[in-house]
Amino acid sequence: MMISSVTLSKGEKMSNYKLSICLPAFRTHLWEDFYKSIPASIGDKYSWEVVMVGPNDPPPFFDDKKNFKFLKDYGCPSRCAQLATAIAEGELFVSGVDDGLFTEGSLATCIEMMDNLTRKDVVAVRYVEGPNRKNDPIHFRPEYWTAHHHPALRVCPPDYKIILLGMFNLEYFREIGGWDCEFEALNMNYHDLAFRIQNDGGEIHISPDFVHYLDWSYAYTEEYAPIKEAFDTHDLKLFQDMYATWQPDRIKIDYHNWAKQPAIWDRRFGHLK
């Protein structure tokens, strides 16, 4: 289903599905395989939808998919990701990557975990990334999701964890403000979100399974250059400035902060202006 605009008002609750799978999406040739990996991962017990936001129209495969939503937008990845959560209708949502495939039974396991946690808690989705979705999982062992494992993140309390992909209570995600879209890419704003959730008393739990296998071949192409540029020249410095000292009171931000970001992302689509 093509969505022409964001109609969900702040605070409105819509839970027509158990799980929304939300992502900014760019590489249409990968979307069919992404979608087809979900049924075996979530099983028959839970209802689900896929919500994508990006600049390229969906392929014909999705024409008859009633649990698929697409909103066309030329904004930066964080803006598109936040927009996807704005039109989602799930009780829960999980973030994804369009070059990824979900593993059998793993989404169902994460949902079962979430059903036994508080609304503030998050399941950090373990993943493997590498060319052709192959890498040694040892590189993504549990300590990887501990903030102090990463030198750049050691500003926070030592027991804090990180999220790079995660399953959230959608209502709470909106309540706390979601991603800070001043960060253009989806990286440092995940760390900021994780810190804010834990500042608010939420806990981050690590998925027992590897849930998402990502094809990192994209990182070696020109398509990735705008994201790398955003991280190298803007997002990393913004994070360092924001957390030059620890921010224990930073919790809620404006969920609609995505609207402050340009509708056309100059780093990739400046030629369209």
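# Salt bridges and buried side chains

Tutor: Let's start with a little cluster: R119, E171, E175 and K252 are linked in a network of salt bridges (a side-chain nitrogen of Lys or Arg within 4 Å of a carboxyl oxygen of Asp or Glu). What you're looking at is a predicted model, where local features need pLDDT of at least 70, side-chain atom pairs count only at pLDDT 80 or more, and totals for chains, interfaces and linings use all residues. Residues are numbered from 1 along each chain as its sequence is written, and side-chain values use heavy atoms, with hydrogens and water left out.

Student: What pLDDT does the chain average?

Tutor: pLDDT is the predictor's confidence in each residue, from 0 to 100. One stretch, residues 8-12, stays under 50. Over the chain, 89% of the residues score at least 70, and the average is 91.

Student: Back to that network. How far apart along the chain are E171 and R119?

Tutor: Their side chains meet in a salt bridge, 3.8 Å from N to O. E171 belongs to helix α5 (residues 170-176), while R119 is in the loop between α4 (106-114) and β7 (122-130). Helices (H or I, at least four residues) and strands (E, at least two) are DSSP runs, numbered from the N terminus. This pair links distant parts of the chain, and the separation is 52 residues.

Student: Is E171 buried, exposed or partly exposed, and why?

Tutor: Buried means under 20% relative accessible area, exposed over 50%, and partly exposed in between, using a 1.4 Å probe and protein chains only. Its partner R119 comes out at 33%, so R119 is partly exposed. E171 has 37% relative accessibility, so E171 counts as partly exposed.

Student: How many salt bridges does the structure hold?

Tutor: Side chains of opposite charge can pair when their charged atoms come close. D98 and R27 make one such pair, their closest N and O atoms being 2.4 Å apart. The structure's count is 21.

Student: Are D98 and R27 buried or exposed?

Tutor: Find D98 in the loop between β5 (90-95) and β6 (100-102), and R27 in the loop between β2 (17-24) and α1 (31-36), 71 residues apart. Both of them are buried.

Student: Which residue forms a salt bridge with E184?

Tutor: E184 is in the loop between α5 and α6 (188-199), and its partner is 83 residues apart from it, in helix α8 (residues 266-269). E184 has a relative accessible area of 10%, so E184 is buried. The partner is partly exposed because its relative accessibility is 26%. With the closest N and O atoms 2.6 Å apart, the partner is R267.

Student: Which residues does P226 touch, not counting those up to four places away in sequence?

Tutor: P226 is found in helix α7 (residues 225-242), and at 9% relative accessible area it's buried. Contact means heavy atoms within 4.5 Å. By that rule P226 touches W265, R267 and R268.

Student: The backbone nitrogen of which residue lies 3.0 Å from a polar atom of the side chain of N189?

Tutor: N189 is found in helix α6, buried with a relative accessible area of 0%. A polar atom of its side chain also has the backbone oxygen of D180 at 3.5 Å. The backbone nitrogen at 3.0 Å belongs to N187.

Student: With which side chain does the side chain of N67 make a polar contact?

Tutor: A polar contact is a pair of N or O atoms within 3.5 Å; within protein, one must be able to donate a hydrogen and the other to accept it, and residues adjacent in sequence count only if both atoms are side-chain atoms. N67 is in the loop between β3 (48-54) and β4 (68-72), and its side chain reaches the backbone oxygen of W48 at 3.3 Å. The side-chain partner, at 2.6 Å, is Y35.

Student: Which residue in β8 does L92 stand opposite?

Tutor: β5 and β8 run antiparallel, joined by 3 bridges. In β8 (residues 166-169), G166 and F168 point one way and M167 and N169 the other, and all are buried. L92 stands opposite N169.

Student: How many disulfides does the count come to?

Tutor: A disulfide is a pair of cysteine sulfur atoms within 2.5 Å. The closest cysteine sulfur to that of C181 is in C76, 6.2 Å away, so that's too far for a bond. The count comes to 0.

Methods: Pairing = 2+ DSSP bridges.
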